Amino acid sequence: MAKVIEHIKNAKSTLFSLEILPPSTGESIQKLFDNVAPLMEFKPKFIDVTYHREEYVFKKMPNGLLEQKSIRKRPGTVSICAALMHKFNVDTVPHIICGGFTKEETEYALIDLNFLGIDNVLALRGDSIKGQKSFEPTPGGHRFADELVSQIHDMNRGHYLSDELQNPTPTKFCIGVAGYPEKHFESPNLKTDLKYLKKKIENGADYIVTQMFFDNAKYFDYVEKCQAEGITVPIIPGLKPITTKSQIFNLPRNFFIDMPEDLIDAIEKCRTDDDVKNVGIEWAIHQSKELIANKVPCLHFYSMGKSTSIQHIASKLF
Ligand code: FAD
């Protein structure tokens, strides 16, 4: 199995990769396999699997009072990675987040990945738990992704948390981090955001994957600004084909991104769900062709549990 950065270095043309979600609790893994299988024909070089932390739900008790419970709706990131690797012989990239983990728990999770032969991770801070106003670091955990990157990079040099270990085995993780062409929503401006992005690279990250964007000009401008700040690692563009009309409101609300006017106009004119899907496919193909012409390292598609549109797009590109 190979590292993402090796795939990029060895590539003769733009690569194809995917991000998928673990199944909801109670759903079978077969559904996920059925979703991914048709995409394997296009030879994705790696598949990212998201991590979903706990959230609070309220359960009504017999006495009428509400009980607050902490649950995880999509557990299984690491096992899904191992299962995909085993079934499709593809590299997988588990997302690993700061929120909800002490440094020790992070170390244990990394040891699990190392033993499974998974040498790629995407290191993220994670969002706040639903109901919390802003991100609250777990006591004994990391506050920002750059600290998590440092911990992983330390393990790659054989530095575990305990300094009493005799000759600990270095891990060999390739570390990806997130970047935001339209700025991370908490950052006061893009320049400040890039300062912290650079810190993630200086602390040991090998490449960047961007938040989804629908206007390539934003990506090209971002790459230029990153380079001006001295960020020279590969920047993988993240693409999301629109599949429903409601996404023109939901995606900007949830991901703090802009939608181009032409795309909104085209979607608003659609009469059926299939029309919307077709507009989403055509838009993503158009974006992809321009990105490929500009020799981006890889096109990374956010599947959000649905693969049909990506299948159509990939069939035109790879
Ligand atoms: P950071 O890099 O830590 O940045 C967070 C904010 O803090 C930014 O505004 C930054 O400018 C600022 N900042 C960074 N470092 C410092 C510092 N040292 N001092 C002061 N300010 C600082 N979330 C999940 O829960 N699970 C997932 O699987 C997941 N996958 C994702 C995949 C991609 C490709 C992307 C783009 C996002 C993903 N997210 C995921 C969402 C992500 O967790 C959130 O966007 C989160 O709010 C920020 O994470 P980050 O790693 O970018 O944080």
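**Entry 1: the overall fold**

Helices and strands here are DSSP runs, with at least four residues for a helix and at least two for a strand, numbered from the N terminus. I am working from a predicted model. On that basis I counted 11 helices and 10 strands in the protein. I then looked up the radius of gyration: it is 20 Å, close to the 20 Å that the globule rule gives for 318 residues, so the protein is as compact as a globular protein of that length. Along the principal axes, the C-alpha atoms fill a box of roughly 65 × 60 × 45 Å.

Next I checked burial and found that 48% of the 318 residues count as buried. I also looked at how far the contacts reach along the chain. Taking contacts between residues at least 6 apart in sequence, 75% join residues at least 24 apart. The exposed surface comes to about 16300 Å², and carbon and sulfur atoms supply 50% of it.

**Entry 2: charges**

I tallied the charged side chains and got 39 positive and 41 negative. The centres of the two sets lie 3 Å apart. My count of salt bridges is 11, and I went through some of them one by one.

**Entry 3: Glu55 and its two lysines**

I started with Glu55, which forms a salt bridge with Lys73, where the closest N and O atoms are 3.3 Å apart. Glu55 sits in strand E3 (residues 55-60) and Lys73 in the loop between strand E4 (66-71) and helix H3 (77-88), so this pair ties together parts that are 18 residues apart in sequence.

Is Glu55 buried or exposed? I find it buried, because its relative accessibility is 15% and the cut-off for buried is under 20%. Lys73, at 41% relative accessibility, counts as partly exposed.

Glu55 has a second partner: its side chain also meets that of Lys130 in a salt bridge, at 3.7 Å from N to O. Lys130 lies in the loop between strand E6 (120-124) and H5, while Glu55 is in strand E3, so this pair ties together parts that are 75 residues apart in sequence. I noted Lys130 as exposed, at 60% relative accessibility. Put together, Glu55, Lys73 and Lys130 are linked in a network of salt bridges.

**Entry 4: Arg125 and Glu186**

Here I looked at another salt bridge, in which the side chains of Arg125 and Glu186 meet at 2.7 Å, N to O. Arg125 belongs to the loop between E6 and H5, and Glu186 to the loop between strand E7 (174-179) and helix H6 (190-202), so the pair ties together parts that are 61 residues apart in sequence. Arg125 is buried, with a relative accessible area of 11%. Glu186 is partly exposed, with a value of 42%.

**Entry 5: Lys200 and Asp146**

Which side chain of opposite charge is nearest to Lys200? I found Asp193, 6.7 Å away. Lys200 has no salt bridge although it is buried; the 6.7 Å to Asp193 can be set against the salt-bridge cut-off, which is within 4 Å.

Lys200 is placed in helix H6. Leaving out residues up to four places away in sequence, I see Lys200 touching Ala145, Asp146, Val149, Val177, Ala178 and Ala205.

I then turned to Asp146, which is in helix H5 (residues 145-156). Asp146 counts as buried, at 9% relative accessibility. Beyond its neighbours within four places in sequence, Asp146 is in contact with Lys199, Lys200 and Asn203.

**Entry 6: Thr138**

Where is Thr138? I located Thr138 in the loop between E6 and H5. Its relative accessible area is 16%, so Thr138 is buried.

What does Thr138 contact, leaving aside its neighbours within four places in sequence? My list reads Arg53, Cys98, Gly99, Gly100, Phe101 and Thr102. For Gly99 I also looked up the spacing: Thr138 and Gly99 are 39 residues apart in sequence, and their C-alpha atoms are 6.0 Å apart in space.

**Entry 7: Arg253**

My last stop was Arg253, in helix H8 (residues 247-255). Arg253 counts as exposed, at 55% relative accessibility. I also took a distance from Arg253 to Ser70: 183 residues separate the two in sequence, and 25 Å separates them in space, C-alpha to C-alpha.

Note on methods: Residues are numbered from 1 along each chain as its sequence is written. This is a predicted model: local features need pLDDT of at least 70, side-chain atom pairs count only at pLDDT 80 or more; totals for chains, interfaces and linings use all residues. Side-chain values use heavy atoms; hydrogens and water are left out. The radius of gyration is taken over C-alpha atoms; the globule rule is 2.2 Å times the number of residues to the power 0.38. Buried means under 20% relative accessible area, exposed over 50%, partly exposed in between (1.4 Å probe, protein chains only). Contact means heavy atoms within 4.5 Å. Accessible areas come from the Shrake-Rupley method with a 1.4 Å probe; for residues, only the protein chains shown count as cover. Lys and Arg count as positive and Asp and Glu as negative; His and the chain ends are not counted. The place of a charge is taken as NZ of Lys, CZ of Arg, CG of Asp or CD of Glu.
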